[in-house]
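Me: I have a structure open and would like to go through it step by step. Could you help me read it?

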Amino acid sequence: MLEYLIEMCNFANVKLTIYMSKVNYKKNLLLNAIIDSVQSIKGNNLISLNFNDIDNSICDFFVICSGRSSTHVKAIEENVRKKVHKKTKQKPWHTEQDNKADWILMDYSDIILHIFQEETRNYYNLEELWGDAKTISYN
C-alpha cells in the first residue's frame, strides 16, 4: 500500500512526507544504539529477532550476540550500558547474569539483549526457538 502511495505521488510530482511515531522513533534509536555498541566492541554473530508481527510476544525485539570469553561477555554488557545511556539516556530495566558470565540478559522493556558465550548460545539456540520471528544479521 505504501509503495503504491509513493509511486502515485512521484507520478503526480507531489512531495510526500511520512512521519514516524515518537514511540517507533525511540525504539529504533534504542535498537540502533544497542547494535552499534555491540559492534564497537566486536560482539560476534550479532542478530536481531523482530517480534512485531507475532501476537502476545514478550517484547518487540531480541538482540543476540556472542562473546569469546566471560571477560568479553562482561565487556560487551558494560559497553552497551555506557553507550546506550549516552546516546538515548535509557538504562536497562533489569539485568541478569549467571556466576560464570555464560549469558547476560539486558532488558530494555521493548528490546531484550542476550549476550552469550558461544557454547551457551548453541545450547539454548534462541534463534531456532523463535524461528517465526524476522531475523536480521549484522555481521
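Reply: The turns below go from the whole chain to single strands and residues. Please keep in mind that this is a predicted model.

Me: Good. How many helices and strands are there in the chain?

Reply: The chain holds 5 helices and 6 strands. Read from the N terminus, the elements follow the order α-α-β-β-α-β-β-β-α-α-β.

Me: And what share of the residues is buried?

Reply: Of the 139 residues in the chain, 37% are buried. The accessible surface amounts to about 9200 Å², and carbon and sulfur atoms account for 51% of that surface.

Me: What about contacts between residues far apart in sequence, what percentage is that?

Reply: Taking contacts between residues at least 6 apart in sequence, 59% join residues that are at least 24 apart.

Me: Let us turn to the strands. Which way do β3 and β4 run, parallel or antiparallel?

Reply: They run antiparallel, and 4 bridges join strand β3, residues 94-97, to β4. Within this pair, His94 stands opposite Asp107 of β4.

Me: What lies between those two strands?

Reply: β3 and β4 form a hairpin with 5 residues between them. Ala101 is found in that loop, and its phi is near 55 degrees, a positive value in a residue other than glycine.

Me: Is Ala101 buried or exposed?

Reply: Ala101 is buried, because its relative accessible area is 0%, and the cut-off for buried is under 20%.

Me: Does β4 pair with β3 alone, or what else is beside it?

Reply: β4 also pairs with strand β5, residues 111-117, in the antiparallel sense over 5 bridges. Asp107 stands opposite Ile112 in β5, and Asp107 is also the residue opposite His94.

Me: Which residue has a positive phi in the hairpin of β4 and β5?

Reply: That residue is Ser109, with a positive phi near 75 degrees, and the hairpin has 3 residues between the strands.

Me: Why is β4 described as largely enclosed?

Reply: Strand β4 covers residues 103-107, and 4 of its 5 residues are buried, so the strand is largely enclosed by the rest of the structure.

Me: Now a helix. Where is Glu77?

Reply: Glu77 lies in helix α3, which spans residues 70-88.

Me: Which residues does Glu77 touch, leaving aside those up to four places away in sequence?

Reply: Glu77 touches Thr95, Ile104, Met106 and Ile115. Glu77 counts as buried, because its relative accessible area is 13%, under the 20% limit.

Me: Different topic: what is unusual to check at Asn45, say its phi?

Reply: Asn45 has a phi near 45 degrees, a positive value in a residue other than glycine. Asn45 sits in strand β1, residues 44-50.

Me: How accessible is Asn45?

Reply: The relative accessibility of Asn45 is 38%, so it counts as partly exposed.

Me: One more. Where should I look for Asp60?

Reply: Asp60 is found in the loop between β1 and β2, the latter being residues 61-67. At 15% relative accessibility, Asp60 counts as buried.

Me: And which residues does Asp60 touch, again without those up to four places away?

Reply: Asp60 touches Lys27, Leu49, Asn50, Phe51, Asn52 and Asp110.

Methods: Residues are numbered from 1 along each chain as its sequence is written. This is a predicted model: local features need pLDDT of at least 70, side-chain atom pairs count only at pLDDT 80 or more; totals for chains, interfaces and linings use all residues. Side-chain values use heavy atoms; hydrogens and water are left out. Buried means under 20% relative accessible area, exposed over 50%, partly exposed in between (1.4 Å probe, protein chains only). Contact means heavy atoms within 4.5 Å. Two strands pair if DSSP finds at least two bridges between them. Accessible areas come from the Shrake-Rupley method with a 1.4 Å probe; for residues, only the protein chains shown count as cover.
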